[in-house]
Amino acid sequence: MTPFLVGLVAISAVFHLAWNVRLRTAGDPLRAATIGMVAATVGIVPLGIAVWLVQGAAPLPVEGI
């Protein structure tokens with residue numbers, strides 16, 4: 001494995017740990033999970049779309065929508 005991949009796995013583990021600690025310590029875990037998922041969606045979806053467009057990937061077929 002390359003150091004880059006090891007770094008990605010390590011960062012993923014830290015995010016997973018932080019997520020679990022956040023839910024465990026939240027007064028209302030359902031509310032905390034909802035806020036976390038909405039925030040992640042708002043942050044990750046535009047990034048994914050931008051990467052998709054920058055790479056020049058083929059558009060999704062209309063039948064899949």
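Start with the whole chain in cartoon view: its secondary structure comes to 2 helices and 0 strands. Keep in mind that this is a predicted model.

Stay with the full chain and check its dimensions. The C-alpha atoms fill a box of roughly 45 × 35 × 15 Å along the principal axes. The radius of gyration is 16 Å, whereas a compact globule of 65 residues would have one near 11 Å.

Switch on the surface. About 5,700 Å² is accessible, and carbon and sulfur atoms account for 76% of that area. How much of the chain is buried? Of the 65 residues, 5% count as buried.

Next, select helix α1, residues 3-25. V9 sits in this helix. Now add M1, F4, L5, V6 and L8 to V9: together they make a nonpolar surface patch of about 640 Å². Color these side chains to see the patch on the surface.

Move on to helix α2, residues 29-54. Its 26 residues reach 37 Å from the first C-alpha to the last. That is close to the 38 Å expected at 1.5 Å a residue.

Finish just past α2, at G56. Check its backbone: phi is positive here, near 75°.

Conventions. Residues numbered from 1 in each chain as written. Predicted model: local features only at pLDDT ≥ 70, side-chain atom pairs only at ≥ 80, totals over all residues. Heavy atoms only, no water. Helix = DSSP H or I, 4+ residues; strand = E, 2+ residues; numbered from the N terminus. Rg over C-alpha atoms; globule rule 2.2 N^0.38 Å. Buried < 20%, exposed > 50% of the residue type's maximum accessible area, 1.4 Å probe, protein only. Areas by Shrake-Rupley, 256 points an atom, 1.4 Å probe, with all protein chains shown as cover. Patch = residues over 30% accessible without salt bridge, like charges linked within 9 Å, V, L, I, M, F, W, Y side chains within 5 Å. Salt bridge = Lys/Arg side-chain N within 4 Å of Asp/Glu carboxyl O. Expected span 1.5 Å × (residues − 1).
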